[in-house]
Structure formats: C-alpha cells, structure tokens
Amino acid sequence: MRETISPELEFQSVKKRFGATTAVAEVTKTIARGEFVALVGTSGSGKSTLLKMINRLVEPSSGDILFEGENVTQLPLAQLRRRIGYVFQGIGLFPHMTIGENIALGPRLAGESMGEDKIGEMLELVDLSPDMRKRMPPELSGGQRQRVGVARALATNPQLLLMDEPFGALDPITRDALGDRVRSLHDELGITTIMVTHDMAEALLLADRVLVMQAGRIEADCAPRELLHGAGGDFAQELVAVPRAQSERLAELKQ
Amino acid sequence: MSAFFTALGGLGDELAAHVLLSASAIGLGLAIALPLAIWASRSEHVARLTLGFASLVQTIPALALLALFFPVLLSLRAVFGPGLPTLGFLPALLALTLYALLPILRNAVTAQTNLDPGVLEAADGMGMSGWQKLRLVEIPLTAPYVMAGLRTASVWTIGAATLSTTIGQKSLGDPIFAGLQTQNWVLVLAGCFGSAALALVADGLLALIERGFDRRNRVMWLGGMAAVLLGVAAAVVAHFGIGLGHNDEKRVVIGAKSYSEQYILARLMGQQLEKAGFKVSYREGLGSAVVHSAVTTNAIDVYVDYTGTLWTNQLKRKRNPGRDAMYRQIVNWEHDTTGTEVLGKLGFENAYAFAMRTDQAKRMGVRSLADLTRVAPRLTLGADIEFFERPEWFAVRNAYDLRFARKRSFTTTFMYDALQSVEANVIAAYTSDGRIAADHLRVLSDPKNAFPSYDAIILLSPKASRNAKIVAALKPLLGKIDVEKMRKANYSVDRETDKRTPAQAAKTLAKEIGL
C-alpha cells in the first residue's frame, strides 16, 4: 500500500452486470487523493465500465462507491459530475458553440459566468492560444480538439479527473505531448486522476500506480517501477512485455 | 392575359383563408410533432409507434383524409354537442395537421438518432440535466433538420389545402375546382398559381430562417420569422376584418356540389336571399355524400338535390315507383327522419341518360338503350367519377344486359370532350346539360324506365326551414325553371367561348323566369 493522506475514492464490492455478462466482478479498492492511476486492460476487461460508475454514467449492479467519503448515489447527479472532470476518446465538443463557449459551459451550468481572461488561461493551460476561443470546433485538428476537451473538463476546478482512452485517436506526437501536459497539470493542480488506457507504455510513463484489469477483476495493483521489475503476475507481465520488447528492439537497431 | 390577372386579383379572400388554414395546420402540427419527437428520442417504442402512425396517415390520399373527418366530427357531436362544426375550417385543420406531422416528426426523430453520441456523452458527463441537454445541445443541433422537415410539411400542406374546398372550407382550391367544372382554365390557372406562389414564398422564408440558424445569424432568422408572422397577421386581418360587422344570425349558407348547374342554382338562390336582406356565403364543390349530411346537420342552410339521387343514396331504395310517388316519399322521409324540409321542385329534371355522337349512333343504328345491348361489347362507356358505383348503373346494366368493352371515368367536363375525341363512344350524360344540344348528341331512350327520375328540388336545413323569410325568398323559384332554360344557363357557363360566370348565368336565368 502506498502512503496515503486520505482516500479520494473507495470502491466497495462494486459489481456490474449487463444481462448475462459480468463487466465488473466485485472490485474493492481505495484511491488516494493526488494519485495518478492508470486502469489498463484489453478490450472488454471492464476498465471503462469501472471508470464510468464513478460519475454514474453507468450505475453499479451492487456495491458502493464513495467519493470523499460520500456515496456517489446519494449525491445530486449534476453536483457530482461538476466536481469530476471527464475526458473521453470521443471528445464531444459541442459543434454549435465556439471553443470559448465550450470551455465556459461547465461553470455556466453551475450558474457562474467565466470571463474571457479565464477562458484564455484555460486554453494556455493546454498549450493553446487564447485567440482560439472564438473558433468553432470543426475548424480544429483532432489534437487541438482534445486539448480543448481537457481544458473544458478542468474549467469547473474538479478534484477528480476521469479520462477514458483520452489519447486513443491522436497521432503519436500529439499523444505524447498531450500526455505529458496532462501529467504536469495533474501535479500543478494537485488533483486526482484516473486514466483508462489499453496502452501499457502510456500507463507506465504517466501514472503513479497501474491497475491491471482482466475479465472484470483487478489482477494487479503496482507502481510502474514494480511492474517493470516483474511484479503483478503473468497477465500484467504479458502486457508489460510488449513495450519492453519494442524498446529493446529499438535499442538494438540503434547499435 | 388580363383575364388571368383579373382572376388572380379576385382571389384575395381565398388567399387569406388559405394562408390562415395552412399556417394553423403547420403550427398545430409543429406543436404536436416536436414534443412527440422529444418523447420518441427518449423511448424507442414511442419512436416506432409515432412514426408508424404518421406514415400510415400519409398513405391516405389527402382528399379522402379530408372527407373522413366529416363523419368523425359528426359522431363526436355526441360528446361535444351539436355546436361542433363538421364542415369547413375544423375538419380541414385536423386533416392537414395530421398530414403535416410526418415530415416534421420524421426529420426530428432522425436528427435525434443521428446526433453524435460523443456530444451526448459529453453533455451527460458535464452534469447537464435532461432539460439543459435538450435546450443547450439537442434542440440547437437538430434545429436545421427540423426546419427542413417543416419546409417539406409547409409545401405539402399549402398544396393539400386546395383540396379543403371539397369539405366546404374556402381556399385557393375554390377557383381550381370551380374552374375545372366550368372549363374556366383561367380560373384554374389562377388558383394553381396562387397556391404555388404561396408555397414558394413560405418555403423561401423558412429556408431563410434555417440558414439563419445554421449561420447563427440572428438578423436572418428573426427577419424570416417576422416576415412569416407578418404574412399570417395580414391574412388574419384580411379574413376577420372583412367579417366584422356581419350579423351571423342573418347569414345564410348555401351549399353546392361540384358542377356548373349546382354553382348557378346556388347563386340564383343566393341572389334571391340577398334581395330579401340576407347575407349569404357559399360552400361550393361539396361531395354528394357530404352535402346531404351538411344540410341535415345545419352545416349548410340550403342546396339543390335531385330526387333520383336521394332515392338511391339516402333512402337506399332500388325499385322505381314512378316520378310522383318517388317525390312524395322523399318529402315524407326527409321530414320524418332528418328533419330536413323539401321546399319543392324547381321544374326541370337532371337525369342520367346515355348519349352518343349522332353520326356514330346513326351508323350503328342505335336509338334506345335496347339497341345498345347488341353493340356495347365493341364500345367504351364514359361516365362521371361516381357513376360506376351508383345503383343507377347496376339497374340499367341489368335491365338491358349491357356489357361494354371498356368503362372509363372522367370529370364531367372531360366526359363530353372524350366523346368528341372518340375516347368514349357512349357517355352517361345529364339531361339538363347544355352540351347535349350544343354537341348535337343523340340521347338514347329508356323504354324499360331503368333510370329513375331526377327532379331538381330545394332542400332546407331543419333550422332554415323554420325561417319564414328564407322560405318566402326561395318559393318564387319553384316550378319556374324548365329544362330548356337550365340547359341554356348551363351551356353559357360550360361553353368554350364567351363564357359566363355562374353568378352572371344566374342573373340571366332570374331575368328569364321573371324575377
């Protein structure tokens, strides 16, 4: 167990079934405030379902999830979701609103208006020019759009940032740069981040803690360094073997 | 050309009524379709059900849908009382509203289902309530598609509204139907032009609003909306402004079926009633079945019908008891069962009679229906749209064992033309039709009296029959119009050149019978 100050999030025997199939089978875990956690697994391992149960885009079949000690099902939905930033592969910028309006929408829903300066600051946080706020989403590249997606998710000052395959559709260079940017924002803002990814390399490079999921269960819960030293069991090591083999081959090529 | 513009200029009332009817139907359709579309977007079951229903409605021909609301509303009088209108604006509005539903609903539902799922997930992930999601995301993103559906609905509705003439609602269909029946092509063209222009203008303005939404140009869409509202407001003022100061208690509504003789007689009665100080309005182009129900339910006050028609359609009798017995039984039947009063006979008969071109008849040696039996298998019989479903046809077919090679239905106007162009060899003509004499047709005799008699009679609604002034104003017409006078009047309206309007023909006829 890592050193924790207080638990940000607690999963207590959380299960999710869709009809006859079990997506998440009895997960019990605690995530501490300030951690950057990667949820890694193959398709269908239940990692996205587990993530979406936190902000109740999916309701658990049984078990409880506590967010800062409060059961998420007891909190008003709108209030819960405004305290949790959400970034996902589909991005979902509203195509009929300017970039600025997209970013300011979260505060607006909470009844606060967001000034031009603040919108500009949010854009700068994700390495975009403040002038971008007047543009429309279709005019932006995929990487720029996901940067706006991150800025929008952070606009309500959430304590928790959930990311579901956030960089899955981006080109490698953008993906790398945006990953680094998100990691440094995580540190600067002192938030807790949970990122779902199927890319073990990305998880190892960005996260403090990697949870490996298989068939609805958490098979491994290790720090990246531990995984690279062979911990976490066979399945986790299968996933780690891929980037390791790649980097070894690249090293050979260089010689 | 100037006749066209004169006709067009005279369509102000019809245009105002048309705009009001179409706008009301589209507005009501929108008010129903949009909440339904939202509901459908939340439930697949509702989506299937509503779209299925709207598509089903669309498969009913507009003309039939309009006509179907007459019996529906009639039966609803049991619930809403006798004040519920069964003809005119209400049934037209309901039918056209149903018609407007589909394009709006389908576009709205399609737009909803094709919304980017990522956008909806983002809306949920941000913590939007259902209402916020609808207002901030779904409505703005589906608006262009809904507008496209609205444009389609508008063009359809404005076109279909011309058919509301047949259920007694004033519209740009009035000149079209009247023109078709009296071969007044200028009138037909003016009506078509009016309704087409209206549809184009409406479509253009809605396109402007749509583009305004799309480009987020407030001036554009507000301007378009203002123009639409202004147009509708102008129609309201024109429609109701004219009606101000009219005393509806003294207004008499005259019904007419859709052919020249009926138009002329309606005007003749109208002119008599106006002389007696009544305000009159006309419900012309009514279907045979609708017009009788209309008079029995006081939807119209007076119209002219024919004994043979009532005998078969209303009394459902088959045997022909002879001319006078038939008339007496009809008078008693109407009085006892419908409360409608037969004021009396006008003096002429408008019977069905088979007619042929004289040269053809001579060549084939046909003088009577009995002669026709032998040659019918080589001939085509032309008749009006309802004839082949009528008991008269079955009676005459059985009496003379007639087996024609072909049977073709025409509107009355084209039936005579078909005979001239030999697209029909025999037609079921009307004895009071001026074209029989003008075209030198041979009318075949009916030795077995298979066709019943068709004395023209004035029918008064239960309400109108209690008004002594109405009775007094119409009584002078009884027994005054012989078949020669009627033929002449009909021909003056039907002929190709030097045409008279039904109102002019009615004035001439009034003069001839000394009124």
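How do strand E3 (residues 36–41) of chain A and strand E9 (residues 209–214) of chain A pair, and over how many bridges? In this predicted model, the two strands run in the parallel sense and share five bridges. Look along that pairing and you'll find A:Val37 standing opposite A:Arg209 in E9(A).

**The sheet in chain A**

Those two strands belong to an open sheet of six, with the order E6-E7-E8-E3-E9-E10 in chain A and mixed pairing. At the edges sit strand E6 (84–88) and strand E10 (217–222) of chain A, each pairing on one side only. Go from one strand to the next and the twist averages 15°.

**The annotated stretches of chain B**

Over in chain B, an unreviewed UniProt entry lists residues 15–206 as "domain: ABC transmembrane type-1". The entry, also unreviewed for this feature, marks "transmembrane region" at residues 15–39, 51–74, 86–105, 143–165, 185–209 and 221–242 of chain B. Here's how the domain span and two of the transmembrane regions come out in the model:

| Span in chain B | Helix | Strand | Distance between end C-alpha atoms |
|---|---|---|---|
| Residues 15–206 | 83% | 0% | 19 Å |
| Residues 86–105 | 85% | 0% | 27 Å |
| Residues 143–165 | 78% | 0% | 34 Å |

**Helix H9 of chain B**

One helix is worth a look of its own. Helix H9 of chain B covers residues 185–214, which makes 30 residues. From its first C-alpha to its last, H9(B) reaches 42 Å, close to the 44 Å expected at 1.5 Å a residue. Several of its residues are buried, including B:Leu187, B:Ala190, B:Gly191, B:Gly194 and B:Ser195. Further along H9(B), the buried ones include B:Leu205, B:Leu206, B:Ile209 and B:Glu210. Just after the helix, B:Arg216 takes a positive phi of about 55°.

**A strand pair in chain B**

Chain B has paired strands as well. Strand E1 (residues 251–257) and strand E2 (residues 279–286) of chain B pair in the parallel sense over six bridges. Within that pair, B:Arg251 stands opposite B:Lys279 in E2(B). To get from E1(B) to E2(B), the chain crosses through helix H11 (residues 260–275) of chain B, and this β-α-β crossover is right-handed.

Why is strand E1 of chain B largely enclosed by the rest of the structure? Six of its seven residues are buried, so E1(B) is largely surrounded by the rest of the structure. Being buried here means that 20 or more other C-beta atoms lie within 10 Å of a residue's own.

How values were computed:
Residues are numbered from 1 along each chain as its sequence is written. Chains are lettered from A and ligands numbered from 1 in the order in which they are written. This is a predicted model: local features need pLDDT of at least 70, side-chain atom pairs count only at pLDDT 80 or more; totals for chains, interfaces and linings use all residues. Two strands pair if DSSP finds at least two bridges between them. Helices (H or I, at least four residues) and strands (E, at least two) are DSSP runs, numbered from the N terminus. Axes are lines fitted to C-alpha atoms, for helices over the stretch in contact, and angles run from 0 to 180 degrees between N-to-C directions. UniProt positions are given in the numbering used here, feature names are shortened, and annotations may be inferred rather than shown by experiment. A residue is buried if 20 or more other C-beta atoms lie within 10 Å of its own, exposed if 12 or fewer, and partly exposed in between; C-beta atoms are placed from the backbone. A crossover is right-handed if, with the strands pointing away from the viewer, the path from the first strand over the helix to the second runs clockwise. The expected span of a helix is 1.5 Å times one less than its number of residues.
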